[in-house]
Amino acid sequence: MDWAQLWEIASAPDNVPIVALIVLVPFYSWYGLRQSLANDRLIAQLETDPQMAKTHHRKTQPWRPGWEREVHVWPYLLRIEFLAAIIVTFILMVWSIALNAPLEEPANPTLTMNPSKAPWYFLGLQEMLVYFDPWMAGVVLPSLILVGLMAIPYMDANPLGNGYYTYKQRKFAIWAFCFGFLILWLSMVVIGTFIRGPGWIWFWPGQTWDHNRVVFEANRDLPDIFGITSALGKGIFGGIVTLLYTAVTAIAFHKVLTWNDFNRKIYQRMTLVQYLTLQFFIITMMSLPVKMIARLAFRIKYVWITPWFNI
Amino acid sequence: MPEDLKDQNGSKKGLTALLEEVKSEVKVLKEKGVEEAKSLQDPEKTQLYKSIFRVKHDDKPRSRALGVLSNVFLHLHPAKINRDAVAYNYTWGMGGISFYLFVVLTFTGTLLMFYYHPSKVQAFRDILYLEHDVPFGKLLRNMHRWAAHLMIITVWLHMFRVFLTGSYKKPREFNWVVGVILMLLTMLLSFTGYLLPDDQLGFWAVTVGTNMARATPLLGHEGPFGPELGMTAYNDVRFGLLGGSIVDSNALLRAYIWHCIAIPLIASVFMAVHFWRVRKDGGISGPSPMMLASEIKEERKL
């Protein structure tokens, strides 16, 4: 265990935000989940007791009859904003006094940095480069992430959970988002920061970053495993496998959408366009973990090889 | 001139009488001065105060409401909000903090611009100058960088909160879209700023980043169907981003202009829309009363 190496990575000034992220994201996930569960308990109570549902104010916030429904922004909101500004300024001051922004040697095109890493918030994309070619990892998938995020409100046909924390009423939406945000995006940022060393080689936390290490990764393409050698054969085989993946994921996802009565009820509300868009984005999103497993566990580089592009 | 004095007053005045007159005038002035000084104890009654704030500062509901509504910096707020909407456990305050960080970044960034030349010759030296010679220059640069990193975290957490509370649902769908664009702009702002110190870190990060643009389908010279459409390293989308085929002085200037002028302006416009829509879509989303599964209404068909 090379603690010095671990400390060197964790204390690099530009990595401090990720250390902060590792603390903040679990905290806020717990903070949100705790309220979701509290709300879910109240929802369960209201569902079994229609009389209570008629009179209850339906929030877990403290409430008493006679309390005014609204409060003045001045001072009840402005004092919070003022306090937040002071706290943030204080944190920034301490942070800026304690830690210096990194400055390396002057830019030198003839001397490549190793590892040469993107800013930490793009490390997820850089890590995706291991699993997909640059046109996919650098251009198509980032665009689809953005478009997919923008499409969320238009694909979500579930009218429940509008403006309050809940898990029970939006199980699928919460799982899908947390999978994309916490597992795919943030964990890849963490992998890119803490695990990828010189040559973008996988070093476990605490392992020394050996600049001379070479990994002989005999990566194979899927058609090679099946002994397909002709270009045409590879193209057709890859196309079939990709289609197969699409079909299996689509069917599995359809099963999730029609899993129980509630899911079926929401499914009934979806338009065809909503359904197909959602399928498209889920299939695209799931291709990342599938290729991660294929690459990391089975050393498979490409599935589909054509003269124009490889996937 | 005694003759003149006689002419004006019609009679000759003694020196004592003159002294008495001056004394009485001074007394009047003194009383007036004391009175005015006393009124300053209540500065809200002064013309200066009234001209600036217009509204009385007291805890009457009307004054509180007008205090917010008649102030250009506060008028983004409504006069009153739902009592639960100020609960920190619901809001997390991340949107507001992101905006505050944007303001901090604009302020520190403007100060940094006084010391920075976007040219290959001077850029790196300017950073050294900032770090070693400019008073508080190091603090300024540190604060700009850490605020930028912090803003990315707060923007992500803001999005996470908005998702978890389902606040993107009707009628706030469009504001979520604007928010996603703002998140992209935040990351682009940070990314363009990365190159500006012109050091190894920024140079290679931007080289890695823009190399991906080579592979853009159709528009990059190494992307699928790019060469077939006549893309080369000298006319593709990466060339347009960098103003050249390598990260050099043109790229530095482009990054500078995107970073300091173009993206902040675009982001400001989107922010204005974002905040405007928060109000027009009925204020922040909640916490709203919970809806039960049995209360789902049949949706109107098109």
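**Exercise 1. A residue with an unusual backbone angle**

A:Arg299 is partly exposed, with 37% relative accessible area. Keep in mind that this is a predicted model. Find where A:Arg299 sits in chain A, and work out what sign its phi has.

*Solution.*
- Step 1: Begin with the place. A:Arg299 belongs to the segment that follows helix H12 (272-298) of chain A.
- Step 2: Recall the general pattern. Most residues other than glycine have a negative phi.
- Step 3: Look at the angle. The phi of A:Arg299 is positive, about 55°, although this residue is not a glycine.
- Step 4: Check the accessibility label. Partly exposed covers the range between 20% and 50%, so 37% puts A:Arg299 in that class.

**Exercise 2. A second positive phi**

Decide whether B:Asp198 is buried or exposed, and locate B:Asp198 in chain B.

*Solution.*
- Step 1: B:Asp198 is in the loop that links H9 and H10 of chain B.
- Step 2: Its phi is positive, about 60°, and B:Asp198 is not a glycine either.
- Step 3: The relative accessibility of B:Asp198 is 6%. Buried means under 20%, so B:Asp198 counts as buried.

**Exercise 3. Two peptide bonds before proline**

Which form, cis or trans, does the peptide bond from A:Trp74 to A:Pro75 take, and which form does the bond from B:Lys170 to B:Pro171 take?

*Solution.*
- Step 1: Start from the general expectation: most peptide bonds are trans.
- Step 2: Take chain A. The bond joining A:Trp74 to A:Pro75 is cis, and its omega is near 15°. A:Pro75 is part of helix H4 (residues 73-76) of chain A.
- Step 3: Take chain B. The bond joining B:Lys170 to B:Pro171 is cis, with omega near 0°. B:Pro171 lies in the loop between H8 and H9 of chain B.

**Exercise 4. Where the two chains meet**

Describe the contact between chain B and chain A: how many residues does each chain contribute, and how much area is buried?

*Solution.*
- Step 1: Count the residues. Chain B gives 97 residues and chain A gives 107 residues to the contact.
- Step 2: Look at the area. About 9900 Å² is buried between the two chains, and carbon and sulfur atoms account for 69% of that area.
- Step 3: Add the polar side of the story. Between chain B and chain A there are 50 residue pairs in polar contact, both residues being at pLDDT 80 or more.
- Step 4: Ask which element of chain B gives most to the side that touches chain A. H8(B) has the largest share, 19 residues.
- Step 5: Sort the residues on that side of chain B by type. There are 62 nonpolar, 15 polar and 20 charged.
- Step 6: Find the strands. Strand S1 (residues 70-72) of chain A and S1(B) run antiparallel, joined by three bridges. One pairing to look for is A:Val71 with B:Ile81.

**Exercise 5. Pairs of opposite charge**

Count the salt bridges between chain B and chain A, then examine three salt bridges of the model, starting with the partner of A:Asp14.

*Solution.*
- Step 1: Five salt bridges join chain B and chain A, while the count over all chains is 15.
- Step 2: A:Asp14 pairs with B:Arg145, at 2.8 Å from N to O. This pair crosses from the loop between H1 and H2 of chain A to helix H8 of chain B. A:Asp14 is buried at 10% relative accessibility, and B:Arg145 is buried at 12%.
- Step 3: A:Lys168 and A:Glu47 form a salt bridge at 3.4 Å, N to O. A:Lys168 is in the loop between H7 and helix H8 (171-195) and A:Glu47 is in helix H2, both of chain A, so this pair ties together parts that are 121 residues apart in sequence.
- Step 4: A:Arg58 meets B:Glu295 at 2.7 Å, N to O. Here A:Arg58 is buried at 11% relative accessibility, whereas B:Glu295 is partly exposed at 32%.

**Exercise 6. A leucine and its surroundings**

Which residues does A:Leu149 touch, not counting residues up to four places away in sequence?

*Solution.*
- Step 1: Locate A:Leu149 in helix H7 (residues 134-155) of chain A.
- Step 2: A:Leu149 counts as buried, at 11% relative accessibility.
- Step 3: In chain A, A:Leu149 touches A:Phe177. In chain B, A:Leu149 touches B:Met159, B:Trp176, B:Val180 and B:Met183.
- Step 4: A:Leu149 and A:Phe177 are 28 residues apart along the chain, and their C-alpha atoms are separated by 9.4 Å.

Conventions. Residues numbered from 1 in each chain as written. Chains lettered and ligands numbered in written order. Predicted model: local features only at pLDDT ≥ 70, side-chain atom pairs only at ≥ 80, totals over all residues. Heavy atoms only, no water. Contact = heavy atoms within 4.5 Å. Buried area = accessible area lost by both parts, 1.4 Å probe. Salt bridge = Lys/Arg side-chain N within 4 Å of Asp/Glu carboxyl O. Polar contact = N/O pair within 3.5 Å; in protein donor to acceptor, adjacent residues only side chain to side chain. Helix = DSSP H or I, 4+ residues; strand = E, 2+ residues; numbered from the N terminus. Nonpolar A, V, L, I, M, F, W, Y, C, P; charged D, E, K, R; others polar. Pairing = 2+ DSSP bridges. Buried < 20%, exposed > 50% of the residue type's maximum accessible area, 1.4 Å probe, protein only.
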